[in-house]
Amino acid sequence: MEKSILLPFRMTVQEKGLEVYGINVYQKGNGEVSHRFRSDDRENIYSASKTFTSVAVGMCRDDGLLRLEDRVISYFPEYADIASPGTEDITLRDLLHMSSGKEIHRITEPHEDWARVFLRLPLDSQPGTKFFYSNACTYMLGRVVEKVSGKNVRDFLMPRLFEPFGFFNPQWHTCPGGHTIAATELYLRTDELAQLGRLLLHKGERDGKRLLSEDYVNLMQTDIVPCDKTTNDDPESCAGYGYQVWKCTPGCFRADGLYGQFSVVVPELDAVVTVTSHREKNANDILRAIYEDIFPLLRR
């Protein structure tokens with residue numbers, strides 16, 4: 001792949017002040033190219049961390065350790081007596097879809113088990129009926145992975161994903177109880193985040209070795225729920241939500257983190273476009289630059 005493919009995007013970044021840190025473009029059979037706008041450091045990929053947690057859930061499902069239809073409360077019998085009415089109906093699939101029925105974005109209590117806090121909170125809607133973007137849902141997925149595997153999400157993924165990817169000692173912050181936050185605060189370089197996109201593009205395979213089932217990768221991007229347009233009417237935030245991935249308006253899908261941490265998986269083009277950034281205004285402008293400046297050149 002010629003590095004010139006990045007020139008229009010690089011010009012757009014400079015002209016519009018999109019504050020991109022780095023970009024990596026990969027196309028199956030055509031190689032990859034990268035460009036840095038600043039030093040190549042590990043950065044918080046924010047909510048792109050959620051997609052890694054979803055992969056961990058999928059691996060546990062592949063191992064027969066859990067089912068997506070399982071009730072979340074079944075993994076926390078110690079809190080069954082304090083769970084709010086209706087909480088017993090929340091499934092793992094509801095957590096993946098951000099449709100738990102509990103409208104809380106994050107949990108911050110420093111002196112209480114966050115799982116206990118989540119289960120105790122009252123429902124705002126029936127589980128499975130309403131999308132509400134929530135770090136707490138992803139955190140609970142991480143806690144379930146820990147329950148069934150005996151390891152927190154970061155340690156579970158070390159031999160299963162991070163080591164096959166060649167990641168040396170990735171940092172992923174924990175809650176006060178020592179459990180992986182799961183929803184955010186995983187620190188990676190641009191090319192490291194790109195490895196996740198490639199795994200999903202290749203339907204769960206890495207260098208000919210299967211790490212995640214093709215069935216789960218397909219579900220991640222096809223079992224979609226509609227998003228709430230009343231809170232964010234940007235088209236890229238309304239195209240639909242899968243298993244901790246967002247649908248994109250051109251029909252592809254992405255891992256997505258605050259300020260523009262994107263790994264856009266484009267099956268139609270056999271490609272992945274990954275950026276890390278710090279765009280505080282509207283990070284989705286970076287997505288639009290990718291669609292306009294890079295996608296057409298990948299079609300040649």
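In this predicted model, D223 and R93 form a salt bridge in which the closest N and O atoms are 2.7 Å apart. D223 belongs to the loop between α8 (214–222) and β8 (246–247), while R93 sits in helix α3 (residues 92–96), so the pair ties together parts of the protein that are 130 residues apart in sequence. The two partners can also be described by their accessibility: D223 counts as buried, at 15% relative accessibility, and R93 is partly exposed, with a relative accessible area of 34%.

This pair is one of 24 salt bridges that a search of the whole structure finds. Another joins E236 to R254, whose side chains meet at 3.5 Å, N to O. Here E236 lies in the loop between α8 and β8 and R254 in strand β9 (residues 253–257), so this contact links parts that are 18 residues apart in sequence. E236 counts as buried at 2% relative accessibility, and R254 is buried too, with a relative accessible area of 1%. Salt bridges that share partners also join D234, R279, D285 and R288 into one network.

A further salt bridge is formed by E192 with R189, and in this pair the closest N and O atoms are 3.5 Å apart. E192 is buried, with a relative accessible area of 7%, whereas R189 is partly exposed, with a relative accessible area of 31%. The table sets out the three pairs described so far.

| Salt bridge | N to O distance |
|---|---|
| D223 and R93 | 2.7 Å |
| E236 and R254 | 3.5 Å |
| E192 and R189 | 3.5 Å |

From these pairs the description turns to the pockets. The largest pocket has a volume of about 720 Å³, and of the 32 residues that line this pocket, Y133, N232, S237, W246 and L258 are the closest to its centre. The largest share of that lining, three residues, comes from β9, the strand that also holds R254 of the salt bridge with E236. By class, the lining of the largest pocket divides into ten nonpolar, eleven polar and eleven charged residues.

The second largest pocket has a volume of about 230 Å³. Its lining is made up of 13 residues, and those that lie nearest its centre are R106, N135, I181, T184 and E185. Helix α5 (residues 135–149) gives the largest share of this lining, three residues. In the second largest pocket the lining consists of seven nonpolar, four polar and two charged residues.

The remaining values concern the protein as a whole. There are ten helices and eleven strands in the protein. Its radius of gyration is 19 Å, close to the 19 Å that the globule rule gives for 300 residues, so the protein is as compact as a globular protein of that length. Measured out along its principal axes, the C-alpha trace spans about 60 × 40 × 35 Å. Of the 300 residues, 56% count as buried, and D223, at 15% relative accessibility, is one residue that counts as buried. Among contacts between residues at least 6 apart in sequence, 65% join residues at least 24 apart.

How values were computed:
Residues numbered from 1 in each chain as written. Predicted model: local features only at pLDDT ≥ 70, side-chain atom pairs only at ≥ 80, totals over all residues. Heavy atoms only, no water. Salt bridge = Lys/Arg side-chain N within 4 Å of Asp/Glu carboxyl O. Helix = DSSP H or I, 4+ residues; strand = E, 2+ residues; numbered from the N terminus. Buried < 20%, exposed > 50% of the residue type's maximum accessible area, 1.4 Å probe, protein only. 1 Å grid on protein atoms, 1.4 Å probe; cavity = no way out; pocket = protein on both sides within 12 Å on 5 of 7 lines; lining within 4 Å. Points joined across faces, edges and corners; volume = space filled by probe spheres on them. Nonpolar A, V, L, I, M, F, W, Y, C, P; charged D, E, K, R; others polar. Rg over C-alpha atoms; globule rule 2.2 N^0.38 Å. Contact = heavy atoms within 4.5 Å.
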